[in-house]
Amino acid sequence: MNIFDIMGPVMVGPSSSHTAGAVRIGRMARRLLGEGTPKEAAITLYGSFAATGEGHGTDRALIAGLLGMQTDDERIASSYDWAKKEDMHFSFSRAKGSGEHPNTARIDLVSRSGKTLSMTAASLGGGRITVTELDGLRVNFSGDLPTLIVQNEDTPGHVSAVSTMIAQTNVNLATMQLSRDYPGGNAVMIVETDKTIPKDALDLLRQHKGIQHVTFIDSSES
């Protein structure tokens, strides 16, 4: 067990769930978008995020994460002002949903180039998070391990391409999850590994026919 699992994260704010976890959710969405600070962000809050999040600074923490701030950044409280400086437009709404963790947010992003991302994630306490949905597909990952996210057409050969690439780079696979919306539609692979996958291997994977997007989350940069 890591000492931070006991003590919690170094953070600014009154609550590890509502503040530190919210910053990490925002940072995760930014990293999955992959193009720096988004142009637009529409954020939906559920459960206690919706009920008490504003008082705990959840809204400011989510914006701070989208701007790339860390959990201990003293600018979190003024993240709205920093968003304005970086020309990031954002909005908040609150909704009821069935089955969501009490501390859940959905973030819909548009990048400067027009790329879109939809991500739903929950804050579990102690600054830990889990991503539960990515572009409409159910997933389950935290970013605590090096994580490869491959979004692809649901056609044969992609699982083999990913597993072969990992084997050739001498990286040990820890877990693999597969999800799709319907046969022949869109699919996503979530692969957790023991160490970082080399950039050149990721670039080769991006050239594989039918693979739409490849993202690698290096846990050392979370």
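Which residues of helix H7 (residues 199-206) are buried?

## Helix H7 and its two sides

They are Ala201, Leu202 and Leu205; buried means under 20% relative accessible area, exposed over 50%, partly exposed in between (1.4 Å probe, protein chains only). Helices (H or I, at least four residues) and strands (E, at least two) are DSSP runs, numbered from the N terminus. The three sit on the same side of H7, because they cover an arc of only 100° around the axis, taken from the directions from the helix axis to the C-beta atoms. Flip to the other side of H7 and you'll find Lys199, Asp200 and Leu204 exposed.

The buried residues pack against strand S7 (147-153), helix H6 (158-168) and strand S10 (211-217), where contact means heavy atoms within 4.5 Å.

## About the model

This is a predicted model, with local features needing pLDDT of at least 70 and side-chain atom pairs counting only at pLDDT 80 or more, while totals for chains, interfaces and linings use all residues. Residues are numbered from 1 along each chain as its sequence is written, and side-chain values use heavy atoms, leaving out hydrogens and water.

## Two cores

A nonpolar core is a set of buried Ala, Val, Leu, Ile, Met, Phe, Trp, Tyr and Cys residues joined through side-chain atoms within 4.5 Å. The largest one has 38 residues, and Leu32, Leu66 and Met119 have the most contacts inside it. Helix H2 (residues 16-33) chips in the largest share, seven residues. A second, separate core has 16 residues, including Leu202 and Ile211.

## Thr120

Thr120 lies in strand S4 (residues 116-125). With a relative accessible area of 10%, Thr120 counts as buried.
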